[in-house]
Amino acid sequence: MSEFLKGEIGILHVYDTSAYKPIACITDRTLDKELNVIESQTMCNPGEVDKTPGTINRTASVSGLCVDTTSAGGDTAKASYDALDILFEAKELCFFQYDTGLADTPSQFFSGYISSISETATAGDNLITFDAEIAIQDWYGDTDPK
């Protein structure tokens, strides 16, 4: 029987000056990969559509609960909306580590730009949340570029 994986095991980290910091507290994350397929018709193969692989487009997104990561009483070992927003505003190329959480599956590394970020705060007993989209620039696989 197959053992199903829980979403809580995969953690996304962002590189911050000297180390990868976990993005806290993630409630949802995605990693999307899409292969652009080039279609063509030639006289060499009449009546058929030939397909060849083109470029790969990768994006990632992360949602979470905002936590205090300031040096005045917060958890400076983690990154949250505040750190991601600084990187977004700087239009800085960011480096990420996706920890699969599986013992025999290595972490995956990529760089990219935070292409959108939002924060939601509502009255009452609701916690402040954030969402961020990452346009992946380079995929390093299991090789840490840092």
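Two strands count as paired if DSSP finds at least two bridges between them. With that in hand, the sheet in this predicted model can be read strand by strand.

The sheet is an open one, built from 7 strands in the order β2-β1-β5-β6-β7-β4-β3, and the pairing is antiparallel. At the edges stand β2 (19-22) and β3 (26-40); each has just a single partner strand, so one side of each is left with no neighbour in the sheet. Going from one strand to the next, the twist averages 35°.

So much for the overall layout; now for the pairings. Edge strand β3 runs antiparallel to β4 (residues 50-65), and 13 bridges join the two. Two of the residue pairs can be picked out here. Ile26 has Gly64 in β4 as its bridge partner, while Thr30 is matched with Ser61, also in β4. On to the next pairing in the sheet order: β4 and β7 are joined in the antiparallel sense over 7 bridges. One residue pair to look for here is Val62 and its bridge partner in β7, Ala132.

Then there's a helix to place against the strands. Helix α1, which covers residues 81-89, lies across β1 (11-16), β5 (94-99), β6 (108-120) and β7 (129-141). Relative to β6, helix α1 runs at about 105°. Strand β7 thus turns up twice in this picture: β7 pairs with β4, and β7 is among the strands that helix α1 lies across.

Terms used. Residues are numbered from 1 along each chain as its sequence is written. This is a predicted model: local features need pLDDT of at least 70, side-chain atom pairs count only at pLDDT 80 or more; totals for chains, interfaces and linings use all residues. Side-chain values use heavy atoms; hydrogens and water are left out. Helices (H or I, at least four residues) and strands (E, at least two) are DSSP runs, numbered from the N terminus. Axes are lines fitted to C-alpha atoms, for helices over the stretch in contact, and angles run from 0 to 180 degrees between N-to-C directions. Contact means heavy atoms within 4.5 Å.
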